[in-house]
Amino acid sequence: MEKAKVYFTKTITPERVVDMYLALGVELPGKVAVKVHSGEEGNQNYLHPEFMRPMVEHVKGTIVECNTAYEGERNYTDKHRKLLENHGWTKYFDVDLMDAEGPDLKLDIPNGLVLKENYVGKNIANYDSLLVLSHFKGHPAGGYGGAIKQLSIGCASTVGKCLIHSGGTIDDQNIVWDHMAEQNVFCESMADAAESVMEYFKGKTAFVNMMCNLSVDCDCCAVAEDPCMADIGILSSTDPVALDQACMDLIYQSKDPGRDHFLQRVESLNGTHTIDAAARLGYGTKEYELISLD
């Protein structure tokens with residue numbers, strides 16, 4: 001596989017997000033789903049809708065989300081919709097909670113490392129292409145969260161999230177997983193689920209990672225640590241594997257005093273195994289050319 005192109009800027013502004021998308025030289029066709037992390041109630045680190053607004057408006061996109069599978073304000077449709085409104089997403093955009101009503105859409109994963117099927121919000125079928133806008137940060141279960149997590153857990157329905165976290169050991173009627181899979185199995189399950197979404201859109205995808213508010217905790221955490229590192233920049237690619245790898249490489253290369261704390265979170269959970277597994281599945285490569293646009 002040829003090296004992927006990953007574009008990079010140190011400048012973090014809403015307008016620069018659009019520039020990083022334009023650098024990809026792609027035009028997402030038809031109705032565009034825009035996957036973001038809309039933020040749990042109480043979280044202070046998520047990227048607000050005002051920051052995303054120029055990018056979403058540029059592609060005339062619809063914000064898409066799915067319900068969670070843990071306690072909080074996003075695990076049931078009524079609460080989740082209220083929080084999306086309170087966080088300002090519905091003020092600026094059309095917002096689609098893709099699994100607000102069942103049944104889920106099942107995506108087959110014939111060559112999956114762990115999972116052979118993935119469950120996503122059925123409304124994903126209403127879109128022709130997918131733009132993934134990821135706030136790159138740590139994560140208390142996956143080690144880090146970036147483009148691959150947004151494709152996998154982010155697009156999964158409640159049942160799909162349970163399936164990923166348990167490594168496929170639950171039935172499709174169980175909506176609260178009762179155990180976590182072994183860590184590498186969980187990472188591989190995320191990679192599997194992401195592959196199914198990539199296959200569903202068949203190349204009609206684009207990815208932008210924002211490396212700011214670099215907490216060890218995800219935007220899904222109601223109680224999250226404050227950022228431990230200085231902001232790094234914005235990266236974009238049509239390859240989610242290369243994109244997440246490039247972000248991790250920038251963390252490793254950083255001289256910031258908070259780097260070790262961030263890496264302790266990632267390494268304690270073998271977070272980069274997700275990237276390795278995604279590369280094994282073949283929908284992206286860890287080999288890339290980093291192209292600075294500054």
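Me: What share of the contacts in the protein with a separation of 6 or more comes from residues 24 or more positions apart?

Reply: Happy to help! This is a predicted model, and residues 24 or more positions apart account for 76% of those contacts.

Me: How many helices and strands does the protein have?

Reply: There are ten helices and twelve strands.

Me: What does the radius of gyration agree with?

Reply: Start from the length: a compact globule of 294 residues would have a value near 19 Å, and the protein has 17 Å, which agrees. The C-alpha trace spans about 50 × 40 × 40 Å along its principal axes, and 61% of the residues count as buried.

Me: Let's take one helix. Which residues of H1 are buried?

Reply: First the general idea: an α-helix has 3.6 residues a turn, so residues three or four places apart point the same way. In H1, which covers residues 14-22, the buried ones are Arg16, Val17, Val18, Met20 and Tyr21.

Me: What do the buried residues of H1 pack against?

Reply: Their partners are helix H2 (49-58) and four strands: E1 (4-9), E7 (129-135), E10 (205-211) and E11 (233-237).

Me: Now a single residue: is Gly145 buried or exposed?

Reply: Look at the relative accessible area, where under 20% means buried. Gly145 has 0%, so Gly145 is buried. You will find Gly145 in strand E9, residues 143-145.

Me: Which residues is Gly145 in contact with, leaving aside neighbours within four places in sequence?

Reply: Gly145 is in contact with His135, Phe136, Lys137, Gly138 and His139.

Technical notes. Residues numbered from 1 in each chain as written. Predicted model: local features only at pLDDT ≥ 70, side-chain atom pairs only at ≥ 80, totals over all residues. Heavy atoms only, no water. Buried < 20%, exposed > 50% of the residue type's maximum accessible area, 1.4 Å probe, protein only. Helix = DSSP H or I, 4+ residues; strand = E, 2+ residues; numbered from the N terminus. Contact = heavy atoms within 4.5 Å. Rg over C-alpha atoms; globule rule 2.2 N^0.38 Å.
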